[in-house]
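This report describes the strands, nonpolar cores and salt bridges of one protein chain. The sequence and structure come first.

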Amino acid sequence: IHHEIRDEFFANREPSVREWQELRGAGVALLALCRPTMVLAGQVVRDRPVGFSFTRAGDNDAERAFLMAVEDEDGRFLDIAAWQPMRSWVGLWLGRAWAFGQARVHDPRLGEEGALPVWRSPLNWLRAGREGIVLIRPGAAAYFLDDAGPLLAEDVAHALELRRLLTRTGPRILVRAPDRRAA
């Protein structure tokens, strides 16, 4: 499936010069736009709260979005994320990923805090040279971040938001009704 995702990612999609200039003007370094996989752009249809489809002939509700590959720990394409900065919206093509940068969650951290940076938005993540993560599906992220070590939030409000988002309550537990036949 890795090859299918990669092929779909690169299928006739490229950012316009204007789109890249907007990101560069917002403080994103050229290297962050190119590596590890280039930030592309294309037409998508938002069809789920955190999901999208690629446009097909006849789609009237297509919208432009930045496209970024989400890779696994071995560099294989896991999913494609679409990002619309003006709407503060991020969606996944297949719904298999949980964060931008998720492949590097368990990499050694040599920084002063030894913490994993968590960013509020893809823009902040790109500005930071793609260091750390941006949550796309917090419910799934809670499972993967349980043993990821300390997290580095952008500020106190973000730290409180992360605590709320990443608290796992577990499944609902029911209790069997007493067996009436025993009486």
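Is strand S3 largely enclosed or exposed, and how many of its 9 residues are buried? The model discussed here is a predicted one.

## Strand S3 and its neighbours

Strand S3 covers residues 63–71, and 8 of its 9 residues are buried, so the rest of the structure largely encloses it.

S3 pairs with strand S1 (residues 40–48) through 5 bridges, and the two run antiparallel. One of the bridge partners here is Leu 67 of S3, matched with Leu 40. S3 is also joined to strand S4 (residues 77–84), again antiparallel, by 6 bridges. In that pairing, Ala 69 has Ile 80 of S4 as its bridge partner. The hairpin of S3 and S4 has 5 residues between the strands, and Gly 75 in this hairpin adopts a positive phi near 80 degrees.

## Nonpolar cores

In soluble globular proteins, nonpolar side chains tend to be buried together. The largest nonpolar core in this model comprises 22 residues. Those with the most contacts inside it are Leu 23, Val 28, Val 39, Met 68, Trp 83, Phe 100 and Leu 126. Two or more residues each come from helix H2 (17–25), helix H3 (30–34), S3, S4, strand S5 (89–92) and helix H4 (122–127).

Not counting residues up to four places away in sequence, Val 28 touches Leu 23, Leu 33, Leu 123, Leu 126 and Arg 127. A second core, separate from this one, has 14 residues, including Leu 135, Ala 141, Leu 145 and Ala 148.

## Salt bridges

The whole structure contains 12 salt bridges. One of them joins the side chains of Arg 64 and Glu 19, at 2.8 Å from N to O. This pair connects distant parts of the chain, with Arg 64 in strand S3 and Glu 19 in helix H2, 45 residues apart. Arg 64 has 37% relative accessibility and therefore counts as partly exposed, whereas Glu 19, at 7%, counts as buried.

Arg 87 forms a salt bridge with Glu 63, with the closest N and O atoms 2.7 Å apart. Arg 87 lies in the loop between S4 and S5, and Glu 63 in strand S3, 24 residues apart. Arg 87 is partly exposed at 49% relative accessibility; Glu 63 is buried at 17%. Arg 46 belongs with Glu 63 and Arg 87 to a network of salt bridges. A further salt bridge links Arg 104 and Asp 107 at 3.3 Å, N to O. Arg 104 is partly exposed at 43% relative accessible area, and Asp 107 is partly exposed at 32%.

Technical notes. Residues are numbered from 1 along each chain as its sequence is written. This is a predicted model: local features need pLDDT of at least 70, side-chain atom pairs count only at pLDDT 80 or more; totals for chains, interfaces and linings use all residues. Side-chain values use heavy atoms; hydrogens and water are left out. Buried means under 20% relative accessible area, exposed over 50%, partly exposed in between (1.4 Å probe, protein chains only). Helices (H or I, at least four residues) and strands (E, at least two) are DSSP runs, numbered from the N terminus. Two strands pair if DSSP finds at least two bridges between them. A nonpolar core is a set of buried Ala, Val, Leu, Ile, Met, Phe, Trp, Tyr and Cys residues joined through side-chain atoms within 4.5 Å. Contact means heavy atoms within 4.5 Å. A salt bridge is a side-chain nitrogen of Lys or Arg within 4 Å of a carboxyl oxygen of Asp or Glu.
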